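Here are a few notes to read with the structure open beside you. Take them one at a time and find each spot as you go.

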Amino acid sequence: MKGKIICINTSIHKVLLENNTIIDTKTRGKLRNEKVFPVVGDNVIVNTETKTIEKVEKRKNYLERPLIANIDKLLIVMSTSIPAFSSYLIDKFLIIAYQNNIEPIIVITKTDMISLKEKTDIKKYINYYRKLGIKVYVNTSVSKIKKEFNNSVVALCGQTGSGKSSLLNRIDASLSLKTGEVSESLGRGKHTTRLVELLEVNDGLIADTPGFSSLDLNIDKKDIKSYYKDFSIPCKYRGCIHLKEDGCSIKALVEKGKIPEWRYENYTKFISEVEEEKRK
Ligand SMILES: Nc1nc2c(ncn2[C@@H]2O[C@H](COP(=O)(O)OP(=O)(O)OP(=O)(O)O)[C@@H](O)[C@H]2O)c(=O)[nH]1
Ligand SMILES: [Mg+2]
Ligand SMILES: [Zn+2]
């Protein structure tokens, strides 16, 4: 019978079957021999008698962090404070989402924890992302976020303590997901959520995921710019990656303030990271 893996805990693969029942399965030795390692979100064929996964269907997409396949939307959960707001992480997740043909959506949390001045600062980033055509919500806009879940497979991502599980509890209190203690969340690396788990919410499947400690780009440096809508004007230099060249059209836009400096700085950081990774 067909189904979808909703959680993996050591060797137990929980599968939501097409008849709407949930079954605990294991993978067959054959799959392991073929080096097929199922992940949450995989569409599978299950032998319900032997409770084994017989086959993993071809994936539409696949993310390593969070480890999940076949998602339609990636909800980037970003807090304004504790952990600090980071356009660098947002920009990185945007590249990862676009690389995998997934619609990114930004959700801002903890706006109740910051001053008016800090709010004004963060608004600048939000406005820019909106200008790029990306949806940005605050975590109190429950009904708008809920609508995004309809008939979609959605994965939450973001730093530990950014409020992913809290957001899901806010949307559906019956989920009762474990969330970090306030005092705990002040520290680093708490990781309250331990497993990727797809949950049924509002006619959709939503994955709560553990926060990450590091996040790498798996990309060639010359391809990064292709995921920057705001860098899409033709540069006067062919194949330019907009770094050092004198007269580069993108650098000119940064100088004129048309592309914010922070956005360009994140871009240059990604280029150096990818170069660094290649040298290893
Ligand atoms: N003040 C305030 N606190 C929040 C908000 N959202 C979440 N929190 C708190 O932040 C802490 C961490 O929230 P979690 O939902 O556990 O964070 P998480 O992203 O699921 O963290 P991991 O599971 O470790 O990845 C908890 O103490 C929440 O109560 C918010 O909008 N405002
Ligand atoms: Mg959590
Ligand atoms: Zn250029």
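1. First, a term you'll need: a polar contact is a pair of N or O atoms within 3.5 Å. Keep in mind, too, that this is a predicted model. Now look at Thr160: an N or O atom in its side chain sits 2.5 Å from an oxygen atom of ligand 1. That pair falls under the cut-off, so it counts as a polar contact.

2. Which other side chains have a polar atom lying 2.8 Å from ligand 1? Asp112 is one of them, and its partner is a nitrogen atom of the ligand. Asn139 is another, and there the ligand atom is an oxygen.

3. How much of ligand 1 does the protein cover? On its own the ligand has 660 Å² of accessible area, and the protein covers 88% of that. Two elements give two or more residues each to the shell: helix H5 (164-171) and helix H6 (182-185). H5 gives the most, with four residues. In total, 23 residues surround ligand 1. The closest are Thr160, which you've already met, plus Lys164, Ser166, Gly180 and Thr193.

4. Now move over to helix H2, residues 87-99. Is its length what you'd expect? With 13 residues at 1.5 Å a residue, H2 should span 18 Å, and its end C-alpha atoms are indeed 18 Å apart. Just after H2 comes Asn101, which has a positive phi of about 55 degrees.

5. Is H2 mostly enclosed or open? Ten of its 13 residues are buried, so the rest of the structure largely encloses it. Among the buried ones are Leu89, Ile90, Phe93 and Leu94, but Asp91 and Lys92 are on the list as well. As for neighbours, the buried residues of H2 pack against four strands, namely S6 (62-64), S8 (73-79), S9 (103-109) and S11 (153-157), and against helices H3 (116-131) and H8 (261-279).

6. Last stop: strand S1, residues 2-9. What does S1 pair with? One partner is strand S2 (residues 12-17), antiparallel to S1 and joined to it over six bridges. Within that pairing, Lys4 has Leu16 as its bridge partner. S1 and S2 make a hairpin with two residues between them, and Thr10 in the turn has a positive phi of about 45 degrees. Another partner is strand S4 (residues 43-47), which also runs antiparallel to S1, with three bridges joining the two. Here Gly3 stands opposite Val44.

Technical notes
Residues numbered from 1 in each chain as written. Chains lettered and ligands numbered in written order. Predicted model: local features only at pLDDT ≥ 70, side-chain atom pairs only at ≥ 80, totals over all residues. Heavy atoms only, no water. Pairing = 2+ DSSP bridges. Expected span 1.5 Å × (residues − 1). Buried < 20%, exposed > 50% of the residue type's maximum accessible area, 1.4 Å probe, protein only. Contact = heavy atoms within 4.5 Å. Near = heavy atom within 4 Å. Polar contact = N/O pair within 3.5 Å; in protein donor to acceptor, adjacent residues only side chain to side chain. Areas by Shrake-Rupley, 256 points an atom, 1.4 Å probe, with all protein chains shown as cover.
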